[in-house]
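Open the model in your viewer and keep the sequence panel beside it. Please follow the stops below in order, selecting the residues as they are named.

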Amino acid sequence: MNKEIPYKIYLEEHEMPKEWYNVRADMKNKPAPILNPATLKPVTVEELSPVFCEELARQELDDTTALFEIPKDIRDFYKMYRPSPLVRAYCLEKKLDTPAHIYYKFEGNNTSGSHKLNSAIAQAYYAKQQGLKGVTTETGAGQWGTALSMACSYFDLDCLVYMVKVSYEQKPFRREVMRTYGANVTPSPSMTTEIGKKINEEFPGTTGSLGCAISEAVEAATSREGYRYVLGSVLSQVLLHQSIIGLETKAALDKYDIKADMIIGCAGGGSNLGGLISPFAGEMLRGEADYEIVAVEPASCPSLTRGRYAYDFCDTGKVCPLAKMYTLGSGFMPSANHAGGLRYHGMSSVVSQLYDDGIISARSVGQTEVFEAAQQFAKVEGILPAPESSHAIRVAIDEALKCKETGEAKNIVFGLTGTGYFDMVAYQKFNDGDMSDYIPTDEELERSLSTLPKVE
């Protein structure tokens, strides 16, 4: 019998995980190796080290070690905002008149306003341990750039951020938070890198993409002594760090004998989704439990639901390694009207393999219906959610309404990845009725997919 469940489930400090979990260790079908673009052979730690910190390069390629100890300095930093609460959405349940129990893992209770800080502090820590001067990165909606700028400030590292141009213009306040922490923020594609100049020439007037920004950040890192590149999503090392979300979620559920039926996460590059679902997917892979896991992506950038499972460049400039993933093509340019930060052309290799193996499913949703769900959630739960998080809210509401029809009392868990208080331009467009739902045509996607590299 269940114990009496509080409105918010907080773990004690001593219950916070001391190790990250690597779901690849339990995957029978491992994600395909990332390839050196020059040789098309699996990349080595030595080849990755000029771009990534050495320890992060090792974590990236390790698909057998199940648990990685979280260094004490990182655990001490985590205490600032972790463990984060698992909240039961009683008010939303009442409003929907559903028998479902809805829980959300809230990752917005830190200064950066999102889950991104979990990996940012880890990557900054390893850069500091290596004796580097600074790091470079990209950011979409600005959550990752904000988190990394805070982490770099903590460790006295330089931080160079290439921010997708449409977000740079739409989200000036998040940009200014980065600058307040000491980061140098450049709209991408810019005219400060050779790749940026090339992209601007090829796509005049482009508002950018994460693929563009990644290319610029990698060029900036490799052309500066004492700098390395760090990434906020997609990479296996990032999903490893973000596993603390899922580990805490599972520990909180177990504490009160709650069995999740459905786990829902928004999906852009895969960091939040992978972090949330990893321990649950691990149980499924080991045959210990069964869950319905749903990845929710924007209809305007539908890599899982309409992409192709193939090797592709991780960046638009084609300087990064190739990864096998669900992709729309590295040259795919998302519509500028897409308000969220889920603008990456591909999906994490780990998430892609789990999807291809049927461990998880995927759905795409339009941004107007996403903001309708965000507004509904904000009105009754008192948190203004990030546009990214609201993709998961949309499907959680839809599933709760299905339970109303069937009478099932499912336990629905979703990731509330962050707050939307710096996303008010998007909310303004929604409130003014100016938000549109652009969905790429099959012809547009095929043009982009036709440029995929030929890899045997």
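What follows is a tour of a predicted model, taken stop by stop.

**Stop 1: the seven-stranded sheet**

Begin with a cartoon view and look for the open sheet made of 7 strands. Their order across the sheet is β1-β4-β5-β15-β10-β11-β14, and the pairing is mixed. As background, the strands of a sheet pair through backbone hydrogen bonds, in either a parallel or an antiparallel way.

Which strands stand at the edges? They are β1 (8–9) and β14, and each has a single partner strand, so one side of each is left without a neighbour in the sheet.

**Stop 2: strand β11 and its two partners**

Select residues 292–298, which make up strand β11. Is this strand mostly covered or mostly open? β11 is mostly covered, with 6 of its 7 residues buried.

Now add residues 262–266, strand β10, which pairs with β11 in the parallel sense over 5 bridges. Show two residue pairs here: G265 has A295 in β11 as its bridge partner, and C266 stands opposite V296 in β11. To see how the chain gets from β10 to β11, colour residues 271–285, helix α12. The chain passes through this helix on its way between the two strands, and the β-α-β crossover is right-handed.

Next select residues 361–365, strand β14. β14 also pairs with β11 in the parallel sense, over 5 bridges. To find the register between them, pick E297, which stands opposite S364 in β14.

**Stop 3: a crossed pair of helices**

Select residues 367–381 for helix α15 and residues 387–406 for helix α16. The two helices pack with their axes 8 Å apart, at an angle of about 85 degrees. That makes α15 roughly perpendicular to α16, because angles of 65 to 115 degrees count as roughly perpendicular.

Show side chains where the helices meet. On the α15 side, the residues in contact are E369, V370, F371, E372, A373, A374, Q376 and F377. On the α16 side they are P387, S390, H391, I393, R394 and I397. Sorted by class, this contact has 8 nonpolar, 3 polar and 3 charged residues.

**Stop 4: the four-stranded sheet**

Move to the open sheet of 4 strands, ordered β8-β7-β6-β9 with parallel pairing. The edge strands here are β8 and β9, each of which pairs on one side only. Direction ignored, neighbouring strands of this sheet are turned by 20 degrees against each other on average.

Select residues 134–139 to mark strand β6, which runs parallel to β9 and is joined to β9 by 3 bridges. One pair to display is V135 with its bridge partner R228 in β9.

Then add residues 210–222, helix α10. This helix lies across β6, β7 (158–164), β8 and β9, and runs at about 170 degrees to β6.

**Stop 5: from S215 to K318**

Stay on helix α10 and pick S215, which lies in it. Is S215 buried or exposed? With a relative accessibility of 0%, S215 counts as buried.

Which residues is S215 in contact with, leaving aside its neighbours within four places in sequence? The contacts are I195, D315, T316, G317, K318 and V319.

Pick K318 from that list. S215 and K318 are 103 residues apart in sequence, yet their C-alpha atoms are 7.3 Å apart in space. K318 is found in the loop between β12 (308–313) and β13 (322–327). Its relative accessibility of 40% places K318 in the partly exposed class. Check the backbone as well: K318 is not a glycine, but has a positive phi of about 60 degrees.

**Stop 6: other backbone details in loops**

Go to V234, in the loop between β9 (227–229) and α11 (236–255). V234 is likewise not a glycine and has a positive phi, of about 70 degrees. The relative accessible area of V234 is 10%, so V234 counts as buried.

Finish with two peptide bonds. The bond from R82 to P83 is cis, with omega near -5 degrees, and P83 is found in the loop between α3 (72–78) and β4 (86–88). A cis peptide bond also joins S188 and P189, where omega is about 5 degrees. P189 is found in the loop between β8 (184–188) and α9 (194–202).

Technical notes: Residues are numbered from 1 along each chain as its sequence is written. This is a predicted model: local features need pLDDT of at least 70, side-chain atom pairs count only at pLDDT 80 or more; totals for chains, interfaces and linings use all residues. Side-chain values use heavy atoms; hydrogens and water are left out. Axes are lines fitted to C-alpha atoms, for helices over the stretch in contact, and angles run from 0 to 180 degrees between N-to-C directions. Angles under 35 degrees count as roughly parallel, over 145 as roughly antiparallel, 65 to 115 as roughly perpendicular and the rest as oblique. Contact means heavy atoms within 4.5 Å. Ala, Val, Leu, Ile, Met, Phe, Trp, Tyr, Cys and Pro count as nonpolar, Asp, Glu, Lys and Arg as charged, and the others, Gly among them, as polar. Buried means under 20% relative accessible area, exposed over 50%, partly exposed in between (1.4 Å probe, protein chains only). Two strands pair if DSSP finds at least two bridges between them. A crossover is right-handed if, with the strands pointing away from the viewer, the path from the first strand over the helix to the second runs clockwise.
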